[in-house]
Amino acid sequence: MSQLYFHSEPKLFGEQSVFAELKKLSGDWHIFYSLGFVDRRGFDRQREIDFVALHPFIGLVFIEVKGGSLKFDDGVVRQWLDSQWKEKNPITQLNEARRVCLDFLHSRGVDGFIPARNLYIFPTTERPGSGLSQELMECSIFGTELNSLETTLEGFVSSASRTQLGID
C-alpha cells in the first residue's frame, strides 16, 4: 500500500475516486494530496496540485483531477460550474502549479534534473471519441479506465529503463 500524506481526505467525488485508487499502489509510492504553493512570480498567486505521486524510479507525477460534467471540443475543456459551462484548461493549470512546485524544490537545494510527468484524470467522464488535445489524449485517464491507474503510472518508465533499473 502506498504512503499517503494529507491534511484531510478529499470531499469531492472525483478526487475521492482517485484517492481510493492511489491508496492501492505499492509501498514505493508516496502520495501527497492537495499541495498548495505560493507563486512568487507575478502576484503571489496560490497554486494547488490535486495529487503529487513520488516514486524512486519514476520520479514525480503531477495529477490534476476534473470531475463532474465535462465537454471536450477541439482541445478545449468545459466544465459545468455555477449553472453554466466554463472553460477550464487543466494543462495550463497543472503546468503552472508544477513549475511552482519544482521552483520550490530547487529553492530548497534539490539540484539537478527531477523526472516529472503530468497526468490528467477525469473519473466521472468516459473517454470522448474526439475533441481532445494531443496531451490530453496521451496523458489522461477517463471513467472506467481509472482501475488501470497503476499500469499507467508504471508505463511512465520505458522498457529499457526498467531493465537498467532492475525492476523487471
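The exercises below, each with a worked solution, concern a helix, a lysine and several charged pairs in a predicted model.

Residues are numbered from 1 along each chain as its sequence is written, and side-chain values use heavy atoms, with hydrogens and water left out. In this predicted model, local features need pLDDT of at least 70 and side-chain atom pairs count only at pLDDT 80 or more, while totals for chains, interfaces and linings use all residues.

**Exercise 1. Compare the expected span of helix α2 with the distance between its end C-alpha atoms.**

Step 1. Helices are DSSP runs of H or I with at least four residues, strands are runs of E with at least two, and both are numbered from the N terminus; helix α2 covers residues 90-107, which is 18 residues.
Step 2. The expected span is 1.5 Å times one less than the number of residues, so α2 should span 26 Å.
Step 3. The end C-alpha atoms of α2 are 25 Å apart, which agrees with that expectation.
Step 4. At the start of α2, a side-chain oxygen of Asn 89 comes to within 3.1 Å of the backbone nitrogen of Ile 91, and just after the helix Gly 109 takes a positive phi of about 95°.

**Exercise 2. Decide whether Lys 66 is buried or exposed, and describe its surroundings.**

Step 1. Lys 66 sits in the loop between β4 (59-65) and β5 (70-73).
Step 2. Buried means under 20% relative accessible area, exposed over 50%, and partly exposed in between, with a 1.4 Å probe and protein chains only; Lys 66, at 8%, is therefore buried.
Step 3. Leaving aside residues up to four places away in sequence, Lys 66 touches several residues, including Gln 79, Pro 90 and Phe 122, where contact means heavy atoms within 4.5 Å.

**Exercise 3. Locate the salt bridges Glu 21–Lys 24, Arg 99–Asp 103 and Glu 145–Arg 127, and classify the exposure of Glu 21 and Lys 24.**

Step 1. A salt bridge is a side-chain nitrogen of Lys or Arg within 4 Å of a carboxyl oxygen of Asp or Glu, and this rule gives five of them.
Step 2. Glu 21 and Lys 24 meet at 3.0 Å, N to O; Glu 21 is buried at 17%, whereas Lys 24 is exposed at 57%.
Step 3. Arg 99 and Asp 103 meet at 3.5 Å, N to O, and both lie in helix α2, four residues apart, about one turn of the helix.
Step 4. Glu 145 and Arg 127 meet at 2.8 Å, N to O; this pair links distant parts of the chain, 18 residues apart, with Glu 145 in the loop between β9 (140-142) and α4 (149-154) and Arg 127 in the loop between β8 (116-122) and α3 (134-138).

Technical notes: Polar contact = N/O pair within 3.5 Å; in protein donor to acceptor, adjacent residues only side chain to side chain.
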